[in-house]
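I opened my notebook and a fresh structure side by side today. Here is what I looked up, step by step, so you can follow along.

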Amino acid sequence: MSVDPQRTKGVDSARRALQILLQFSERTPELTVDNLLEDHDISVPSAYRYISLLRELDLIEEREKGRFVLSPQVFRLARAAEASVDYRTMAQPILDRLMQSTGETALYVRRVNDSAVCLAIAESAHAISISFQPGNLMPLHLGAAPKLLLSELSPAKLSGYFQRLGSIFSTEAQAKLISDLDRIRAVGYAESSAEVDQGVWASAATVHVTGTAVGAISVVAPAYRLSAEHRTEIAEAVQASAKELEDAIAYQS
């Protein structure tokens with residue numbers, strides 16, 4: 001499970017308005033007041049106040065009586081988000097080649113606050129069910145790519161991460177993880193087995209830009225079909241792909 005961020009005090013109304021805005025998706029392109037009443041513990045007048053605020057900010061508009069959709073203003077926000085996403089466009093062809101060469105699913109993962117998120121994926125023809133899908137927030141302390149990203153945190157930030165996790169780690173388990181992170185940080189590479197999804201093995205390598213980690217390239221595959229030799233080949237391909245993305249970013253800069 002991902003770490004719940006601390007709730008900011010004194011902004012309940014703003015939080016509710018943003019929660020309503022975030023309800024829109026490809027599967028839910030429009031909302032009604034009844035939808036808001038079903039999903040939020042608010043009164044009818046409150047629902048209309050939130051709708052009025054979002055309309056005032058030109059974030060939603062009324063397509064027909066009582067049915068609300070996102071406004072074109074959101075395209076500007078989407079373009080800004082696209083521009084800020086860490087090198088997803090540059091990573092995709094590299095992932096495609098990595099998937100073709102290994103025959104397994106390849107991912108580009110980055111850290112978002114206390115979570116890891118998959119930004120790009122090249123899925124193999126082999127059927128595999130994995131939790132890392134684009135947009136899914138995953139914990140930083142489980143899996144090869146997340147651990148790489150966690151290892152890049154400063155000691156103070158790492159301590160804060162553990163504090164926010166609460167008591168899910170024993171003292172011994174936390175000490176072991178910190179030791180693992182020290183080793184991972186030193187080599188810039190990690191492997192994991194069944195840490196995120198049962199029966200799934202993963203290999204990952206960090207992508208650095210001017211000394212800062214901007215993400216990780218990873219390959220995930222069912223452990224049962226991988227020999228030791230195949231795992232070594234995948235690990236080498238993953239590290240080469242991470243270096244390829246680093247070089248592409250440096251060239252663009």
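The entries below go through a sheet, its hairpins and some helices.

**Entry 1: the kind of model**
I noted at the start that this is a predicted model.

**Entry 2: the sheet as a whole**
In what order do the strands of the open sheet lie? I traced six strands in the order 6-5-4-9-8-7, with antiparallel pairing. I then looked for the edges and found strand 6 (137-139) and strand 7 (189-193), each pairing on one side only. From one strand to the next, the twist averages 35°. A reminder for myself: strands of a sheet pair through backbone hydrogen bonds, and the pairing can be parallel or antiparallel.

**Entry 3: strand 4 and its two neighbours**
I picked strand 4 (residues 105-112) and looked at both sides of it. On one side, seven bridges join strand 4 to strand 5 (residues 115-122), and the two run antiparallel. On the other side, five bridges link strand 4 to strand 9 (residues 212-222), again antiparallel. A106 let me see both pairings from one residue: its bridge partner in strand 5 is A122, and its partner in strand 9 is V219. I also found Y108 opposite A120 in strand 5.

**Entry 4: strand 8 and its two neighbours**
Next I moved along to strand 8 (200-209). How many bridges join strand 8 to strand 9? I read off ten, in an antiparallel pair. S203 has V219 of strand 9 as its bridge partner, and V219 is also the residue I had met as the partner of A106. Towards the edge of the sheet, five bridges connect strand 7 with strand 8, also antiparallel. There, A190 is partnered by A204 in strand 8.

**Entry 5: three hairpins**
I checked the turns and their phi angles.
- Strands 4 and 5 form a hairpin with two residues between them, and N113 in the turn has a positive phi of about 55°.
- Strands 7 and 8 form a hairpin with six residues between them, where A194 in the turn has a positive phi of about 60°.
- Strands 8 and 9 form a hairpin with two residues between them, and T210 in the turn has a positive phi of about 45°.

**Entry 6: what covers the sheet**
Is strand 8 mostly covered or mostly open? I found it mostly covered, with nine of its ten residues buried. Helix 6 (residues 144-151) lies across strands 4, 5, 6, 7, 8 and 9, running at about 35° to strand 8. Helix 9 (residues 228-252) packs on the sheet too, touching strands 4, 7, 8 and 9, and its direction makes about 25° with that of strand 8.

**Entry 7: helix 3**
Last, I turned to helix 3 (residues 44-56), which has 13 residues. From its first C-alpha to its last, helix 3 reaches 18 Å, close to the 18 Å expected at 1.5 Å a residue. Which residues of helix 3 are buried? I listed S46, A47, Y50, I51 and L54. Seen down the axis of helix 3, these buried residues fall within an arc of 140°, so they line one face of the helix. The general rule helped me here: an α-helix has 3.6 residues a turn, so residues three or four places apart point the same way. The buried residues of helix 3 pack against helix 1 (12-21), helix 2 (33-39), strand 2 (60-64) and strand 3 (67-70). On the face turned away from the buried side, I found the exposed residues R49 and E56. After helix 3 comes D58, with a positive phi near 60°.

Conventions: Residues numbered from 1 in each chain as written. Predicted model: local features only at pLDDT ≥ 70, side-chain atom pairs only at ≥ 80, totals over all residues. Heavy atoms only, no water. Pairing = 2+ DSSP bridges. Helix = DSSP H or I, 4+ residues; strand = E, 2+ residues; numbered from the N terminus. Expected span 1.5 Å × (residues − 1). Buried < 20%, exposed > 50% of the residue type's maximum accessible area, 1.4 Å probe, protein only. Arc of directions from axis to C-beta. Contact = heavy atoms within 4.5 Å. Axes fitted to C-alpha atoms, helices over the stretch in contact; angles between N-to-C directions.
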